[in-house]
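Here is a short report on one protein chain. It covers a surface patch, a pocket and a few single residues.

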Amino acid sequence: MSVTETALPEPLSAQPALRPRTAHPLLRFVLRRVATGLLTLAVASFVVFLGTAVVPGSPATAVLGRLANKQVVAQVDRRIGYDKPLPERYVTWLFGALHGDFGNSAVALAQGATSAPIWPIIRDPLLNTTTLAVITVIFLIPLSLLLGVIAGLTHGRLPDHVISVLTLVFMALPEFVVGALLVVIFFVVLNLLPPVSLLSPGAKPWSDPQILVMPVLTLLAVSVAWTVRLVRVGTIETIRTDYVQMARLQGLPERKVVRRYVLRNALAPSVQIFALSIQYLFGGVIVTETVFDYPGLGNQLLQAVTSHDDTQVQAIAFILAGVYIAINIIADLIVLVLVPKLRTQT
């Protein structure tokens, strides 16, 4: 460039464009998962609503009987809103559910009640099931990690064989068999615990802790069997990695190797199975609650299906779907915390 030439500024089009600030990958992941979860919840609610609608009969026929006068049934259907088109009923119900209003019990309205809100009906069963699930999870996670890590560290030896056989046995036993065995042991033989988990109206489950022992043990026996085997596999794979072998060669104490390397990396693949187990504790406890006559959400759902109380079934299914989705999102976040390299892939 000559001295007479002056440097002209580059045109704006030639200048490097400023990179827009983007959200943190973890925040983007959360927002994306929440949006997907809400869409999934809407689809699940529609499927449940449609499923209850296509079942033959209605709450009116369930209350009045199949031989009831058709005009009387039609009058009851109009009273509870079942004469309206299905899309209109669904939109009205979904809008209310998103605002915490699950409507009224269809069966109670068909029986002549002026008002029978769903939430007071399912509130106590939901609290009872949540209590049962939380207590089970408190024991499930540490017990699964302890037994799974012990089995993995003693792979091929006696402790591993004992734990593997016991988990296979409990995986093969249905909940009602485990529950019946516990009743025989703790009630018939030892006479320590009541055979059923009855609660007085309005009483909280923690007011009588002994009624929770056998349902919790039943759920633990089934859930721990699956989670222990997953933790065991993760432990075996982790102790064969190069960095664990290098840590041992450097003379690190075995306890520190297990705590710093093995446990953390064995836990990450097991988070999803823990999430599935927790989901089962909330929604799949119908058998356990029925065996012990425990007044939980599973038992309430069974009664609602039997009585053809469609609005109650829809509300319980909506709540359970929301719980499932929330647990999955939390489990994915825990995996991202345990495995930092996954954050760059979100």
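Why does L50 count as partly exposed? The model is predicted, and its relative accessibility for L50 is 33%. Buried means under 20% and exposed means over 50%, with partly exposed in between, so L50 takes the middle label.

**Helix α1 and its patch**

L50 sits in helix α1, which covers residues 25-54. L50 also belongs to a nonpolar surface patch. The other members are L39, V43, F46, V47, V54 and V55. Together the patch residues have about 620 Å² of accessible area.

T40 is another residue of helix α1. With a relative accessible area of 39%, T40 is partly exposed. T40 has a distant partner in sequence: A321 is 281 residues away along the chain. In space, the C-alpha atoms of T40 and A321 are separated by 8.6 Å.

**The largest pocket**

How many residues line the largest pocket? The lining has 19 residues. Those nearest the centre are I80, R89, T92, W93 and T311. The space in this pocket comes to about 410 Å³.

Three helices each supply at least two lining residues: α4 (86-98), α5 (106-110) and α15 (310-338). The largest share comes from α4, with 6 residues. By character, the lining divides into 8 nonpolar, 7 polar and 4 charged residues.

**Two positive phi angles**

N191 and H308 deserve a look at the backbone. Phi of N191 is positive, near 55°, and N191 is not a glycine. Phi of H308 is also positive, near 65°, again in a residue other than glycine.

Both residues are in loops. N191 lies between α8 (175-189) and α9 (210-239). H308 is in the loop between α14 (297-306) and α15.

Which of these is buried and which is exposed? N191 counts as exposed because its relative accessibility is 56%. H308 counts as buried because its value is 14%.

The table collects the relative accessibilities.

| Residue | Relative accessibility | Class |
|---|---|---|
| L50 | 33% | partly exposed |
| T40 | 39% | partly exposed |
| N191 | 56% | exposed |
| H308 | 14% | buried |

**Taking stock**

Helix α1 holds both L50 and T40. Helix α15 contributes to the lining of the largest pocket, and the loop with H308 runs between α14 and α15.

Terms used. Residues are numbered from 1 along each chain as its sequence is written. This is a predicted model: local features need pLDDT of at least 70, side-chain atom pairs count only at pLDDT 80 or more; totals for chains, interfaces and linings use all residues. Side-chain values use heavy atoms; hydrogens and water are left out. Patches are made of residues with over 30% relative accessible area and no salt bridge: like charges are joined within 9 Å, nonpolar side chains (Val, Leu, Ile, Met, Phe, Trp, Tyr) within 5 Å. Accessible areas come from the Shrake-Rupley method with a 1.4 Å probe; for residues, only the protein chains shown count as cover. A salt bridge is a side-chain nitrogen of Lys or Arg within 4 Å of a carboxyl oxygen of Asp or Glu. Helices (H or I, at least four residues) and strands (E, at least two) are DSSP runs, numbered from the N terminus. Buried means under 20% relative accessible area, exposed over 50%, partly exposed in between (1.4 Å probe, protein chains only). On a 1 Å grid over the protein atoms alone, a cavity is a set of points where a 1.4 Å probe fits but cannot get out, and a pocket is an open set with protein on both sides within 12 Å along at least five of seven lines; lining residues have an atom within 4 Å of a point. Grid points are joined across faces, edges and corners, and a volume is the space filled by probe spheres set on the points. Ala, Val, Leu, Ile, Met, Phe, Trp, Tyr, Cys and Pro count as nonpolar, Asp, Glu, Lys and Arg as charged, and the others, Gly among them, as polar.
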